[in-house]
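Colleague: I am new to this structure and would like a close look at a single part. Please take me to the nonpolar core, and then lead me outwards to whatever lies around it.

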Amino acid sequence: MKVGIAGTGAIGLSVARALDAGDIPGFQLAAISARRAERAAEVNGALATPVSVHDFAGLAEHCDVIIECLPPQLFPEIARPVLLAGKTLIVLSASQLLQHGELVDLAEEHGGKIIVPSGAMLGLDALKAAAVGTITSVSMTTRKPVAGLQGAPYLVKNGIELSGITEPVCIMSGSVSEIAREFPANVNVAAAISLAGLGPDRTTLEIWADPGVTRNVHSVQVASDSSDFTMSIEGRPSDENPATGRITAQSVIALLRQMTATLRIGT
Ligand SMILES: NC(=O)C1=CN([C@@H]2O[C@H](COP(=O)(O)OP(=O)(O)OC[C@H]3O[C@@H](n4cnc5c(N)ncnc54)[C@H](OP(=O)(O)O)[C@@H]3O)[C@@H](O)[C@H]2O)C=CC1
Ligand SMILES: O=C([O-])CC(=O)C(=O)O
């Protein structure tokens, strides 16, 4: 299958390299999309087999599977042409699905598929299994280094300055739906958890800026009629973007490998 990568930053570049190295059987990197021609040239320079560069419509036309690794606000621009063409869209900016439910309808109408990888989170398998029964509560806490939150629209709008903090500060708490509107680049994990479990209105979230952590730390507590469980992950930052955990790109590679695997483990 031909893969197109939209956005070649921390996640996109890592996945492009794995495809280029032949580490994902059954999938071939066919095209990329970049904001700047220099970036596209830089990425192609790092690949053994350079690929063509397209705009989003071109990726939709030339590829079977398109991996969205873009700044969150561009999500509808890539999702529309891909889903209209009935192709498969792998979504990293998962928070955007909460605001763009119409794109799921578009996929349904045109035979497109939307896949949200586990990304920087764990335990989506157990949560989906619990959701077959009755989940009573899902509560999540995310702690981030201050640098990972700088520039978030909510902080800018409310004039919240975090650079001098010496103690952890709870920046916002509420439902995932409420928080996703204010922190689009910081709640992809929470969005995926909510979509796998109780839904964004009933999944609660606290976001902390913590000067004592150097990694994103996500903890989730689940209560259900089949099981109660607690999950926690400390993601090591990627080299290219300290706000993005290194495991995120690895999760996409694992997802692609699983799509063609004979032996498949986990939900
Ligand atoms: N689901 C999950 O668990 C996780 C999801 N994410 C999300 O995944 C997404 C990607 O993350 P990450 O790779 O770290 O982000 P980066 O900022 O590292 O990369 C984004 C890339 O998109 C490029 N880009 C910007 N505009 C365009 C455009 N118009 N056309 C093509 N490319 C463009 C940027 O180029 P340039 O540098 O030139 O602007 C950059 O190379 C983000 O939304 C992030 O929030 C992140 C971590 C975990
Ligand atoms: O932990 C990460 O790598 C990124 C993150 O918080 C998110 O996108 O929700």
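Modeller: Happily! The largest nonpolar core in this predicted model has 36 residues, and those with the most contacts inside the core are Phe183 and Ile193. Helix H11, which runs over residues 188-196, gives the most to this core, with 5 residues. To get a feel for the surroundings, start from Phe183: leaving aside neighbours within four places in sequence, Phe183 is in contact with Leu149, Ala152, Tyr154 and Leu155, and also with Ile171, Met172 and Ile207. Another core, of 26 residues, lies apart from this one; Ile5, Ile24, Cys69 and Leu256 are among its members.

Helix H11 is a good guide for the next step, towards ligand 2. The elements that give two or more residues to the shell around ligand 2 are H11 and E10. There are 13 residues around this ligand, and Lys144, Asn188, Val189, His218 and Gly245 come nearest. Several polar atoms face the oxygen atoms of the ligand. A polar atom in the side chain of Lys144 is 2.6 Å from an oxygen atom of ligand 2, and an N or O atom in the side chain of Asn188 lies 2.9 Å from an oxygen atom of the ligand. Asn186 takes part through its backbone instead, with a polar backbone atom 3.2 Å from an oxygen atom of ligand 2. Taken alone, ligand 2 exposes 270 Å², and the protein buries 92% of that.

One of the nearest residues around ligand 2, His218, deserves a pause. UniProt, in an unreviewed entry, lists His218 under "active site". In the model, His218 lies in strand E10, residues 216-224. Is His218 buried or exposed? His218 counts as buried because its relative accessible area is 4%, and buried means under 20%. Its contacts, not counting residues up to four places away in sequence, are with Ala120 and Met121, with Met140, Thr141, Thr142 and Lys144, with Val189, and with Met231, Ser232 and Ile233. Thr142 stands out for a polar contact of 3.0 Å between its side chain and that of His218. Lys144 is also worth remembering, as it touches His218 and comes among the nearest residues to ligand 2.

Just ahead of strand E10 sits Arg215, in the loop between strand E9 (203-209) and E10. Arg215 is partly exposed, with a relative accessible area of 25%. Leaving aside neighbours within four places in sequence, Arg215 is in contact with Arg143 and Pro145, and with Glu234, Gly235, Arg236 and Pro237. With Glu234, a polar contact of 3.5 Å joins the two side chains. Arg215 and Arg236 are 21 residues apart in sequence, while their C-alpha atoms are 5.7 Å apart in space.

Now for the other ligand. H11 appears again here: H1 and H11 each supply at least two residues of the shell around ligand 1. Of the 25 residues around ligand 1, those that come nearest are Arg35, Arg36, Ser93, Ala120 and Thr244. A polar backbone atom of Ala10 is 2.9 Å from an oxygen atom of ligand 1, and a polar atom in the side chain of Arg35 is 2.8 Å from an oxygen atom of this ligand. The side chain of Thr244 brings an N or O atom to 2.6 Å from an oxygen atom of ligand 1. On its own, ligand 1 exposes 930 Å², of which the protein buries 82%.

Gly9 lies in the loop between strand E1 (2-6) and helix H1 (10-20). At 33% relative accessibility, Gly9 is partly exposed, and beyond its neighbours within four places in sequence it is in contact with Ser14 and Arg39. Its C-alpha atom is 21 Å from that of Ala191, which is 182 residues away along the chain. An unreviewed UniProt entry gives residues 7-117 the annotation "domain: Aspartate/homoserine dehydrogenase NAD-binding". In the model, that span is 47% helix and 17% strand, and its end C-alpha atoms lie 16 Å apart.

Let us finish at Thr248, in helix H12 (residues 246-259). Thr248 is buried, at 7% relative accessibility. A polar atom of its side chain lies 2.9 Å from the backbone oxygen of Gly245, which you met among the nearest residues to ligand 2. Not counting residues up to four places away in sequence, Thr248 touches Ile11, Leu92, Gly119 and Ala120. Ala120 ties the tour together, as it also touches His218 and is among the nearest residues to ligand 1.

Definitions and conventions:
Residues numbered from 1 in each chain as written. Chains lettered and ligands numbered in written order. Predicted model: local features only at pLDDT ≥ 70, side-chain atom pairs only at ≥ 80, totals over all residues. Heavy atoms only, no water. UniProt positions renumbered as here; feature names shortened; annotations may be inferred. Helix = DSSP H or I, 4+ residues; strand = E, 2+ residues; numbered from the N terminus. Buried < 20%, exposed > 50% of the residue type's maximum accessible area, 1.4 Å probe, protein only. Contact = heavy atoms within 4.5 Å. Polar contact = N/O pair within 3.5 Å; in protein donor to acceptor, adjacent residues only side chain to side chain. Core = buried A, V, L, I, M, F, W, Y, C linked by side-chain atoms within 4.5 Å. Near = heavy atom within 4 Å. Areas by Shrake-Rupley, 256 points an atom, 1.4 Å probe, with all protein chains shown as cover.
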